[in-house]
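Colleague: I'm new to reading structures and easily lost in the whole picture. Please pick one part, look at it closely, and then show me what surrounds it.

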Amino acid sequence: MTKTVYILNGPNLNLLGKRQPHIYGHVTLADVEADCTALGAELGVAIRFLQSNHEGQIIDWVHEARENGAGIVINPAAFTHTSVAILDALNTFEGPVIEVHISNVHKRESFRHHSYVSLRADGVIAGCGTEGYGLGLRRVASLLGEVAK
């Protein structure tokens, strides 16, 4: 049975490649999804790739992952710094969680230096551009492999 990894994306990531390319680059979210789908096939995991600008929708997907997912890669975007609700939802999920940020949040405004999601994450990847998604997916697959041993 193939394990499913949820890749969850927060607000404004639907504009990836169009919004502030000097920070986030020119790769679109559709490009990231295609790369993750290909990598997932290589790693032997199915991908459920989702994006929402609404906090409650992301929480609903975390709840869905509790029943149908083995791991989560999450780029909560601005919700990183504000959402105790997403943290609480992630705390109900038993599989590995990797937090991803395209930019190096520690080189940006001071309010971006705090992450609620990091309190639950098994790892954090920041500043690797969209390549961070692949790194996060590889780490989740690795952790899932360790559980299977």
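**A serine in a loop, and its surroundings**

Modeller: Let's begin with Ser-115, whose side chain reaches the backbone nitrogen of Val-117 at 3.2 Å. That is a polar contact, meaning a pair of N or O atoms within 3.5 Å; within protein, one must be able to donate a hydrogen and the other to accept it, and residues adjacent in sequence count only if both atoms are side-chain atoms.

Two quick notes on reading this. The model is predicted, so local features need pLDDT of at least 70 and side-chain atom pairs count only at pLDDT 80 or more, while totals for chains, interfaces and linings use all residues. Residues are numbered from 1 along each chain as its sequence is written, and side-chain values use heavy atoms, with hydrogens and water left out.

Back to our serine. Ser-115 sits in the loop between E4 and E5. Those labels are DSSP runs numbered from the N terminus: helices are H or I runs of at least four residues, and strands are E runs of at least two. Being in a loop doesn't put Ser-115 on the outside: with a relative accessible area of 13%, it is buried. (Buried means under 20% relative accessible area, exposed over 50%, and partly exposed in between, using a 1.4 Å probe and protein chains only.)

The side chain of Ser-115 also has a polar contact of 2.8 Å with the side chain of Glu-99. If you skip residues up to four places away in sequence, Ser-115 touches Thr-80 and Glu-99, where a contact means heavy atoms within 4.5 Å.

Further along is another serine, Ser-118, in the loop between strand E4 (97-101) and strand E5 (123-126). This one counts as partly exposed, at 32% relative accessibility. Again leaving out residues up to four places away in sequence, Ser-118 touches Glu-99 and Val-124. So Glu-99 turns up with Ser-115 and with Ser-118.

That makes E4 worth a look. Five of the five residues of E4 are buried, so the strand is largely enclosed by the rest of the structure. Val-97, Glu-99 and His-101 point one way, while Ile-98 and Val-100 point the other. That fits a general pattern: in a regular strand the side chains alternate between the two faces of the sheet.

Now zoom out to the sheet. It is open, with five strands in the order E2-E1-E3-E4-E5 and parallel pairing; strands pair if DSSP finds at least two bridges between them. E2 and E5 are the edge strands, each pairing on one side only. On average, neighbouring strands are turned by 20° against each other, direction ignored. (Axes are lines fitted to C-alpha atoms, for helices over the stretch in contact, and angles run from 0 to 180 degrees between N-to-C directions.) Strand E3 (residues 71-75) pairs with E4 in the parallel sense over three bridges, and Val-97 in E4 is the bridge partner of Ile-72. Helix H3 (residues 55-68) packs on the sheet, touching E1, E2 and E3, and its direction makes about 170° with that of E1.

Finally, what about the nonpolar side? A nonpolar core is a set of buried Ala, Val, Leu, Ile, Met, Phe, Trp, Tyr and Cys residues joined through side-chain atoms within 4.5 Å. In the largest one, with 23 residues, Val-5 and Tyr-133 touch the most other members. The elements giving two or more residues to this core are E1, H2, E2, E4 and H5, and the largest share, five residues, comes from H5. Apart from it lies another core, of 17 residues, and Val-117, the residue we started with beside Ser-115, is among them.

Tyr-133 links back to our strand too: leaving aside neighbours within four places in sequence, its contacts include Val-100. At 1% relative accessibility, Tyr-133 counts as buried.

The structure holds one aromatic pair: Phe-49 and Tyr-133, tilted, at 6.4 Å centre to centre with 40° between the planes. (Rings of Phe, Tyr and Trp, the last by its six-membered ring, pair if their centres lie within 6.5 Å; planes under 30 degrees apart count as stacked, over 60 as edge-to-face and the rest as tilted.) Phe-49 lies in strand E2 (residues 45-51) and Tyr-133 in helix H5 (residues 131-148), so the pair ties together parts that are 84 residues apart in sequence.
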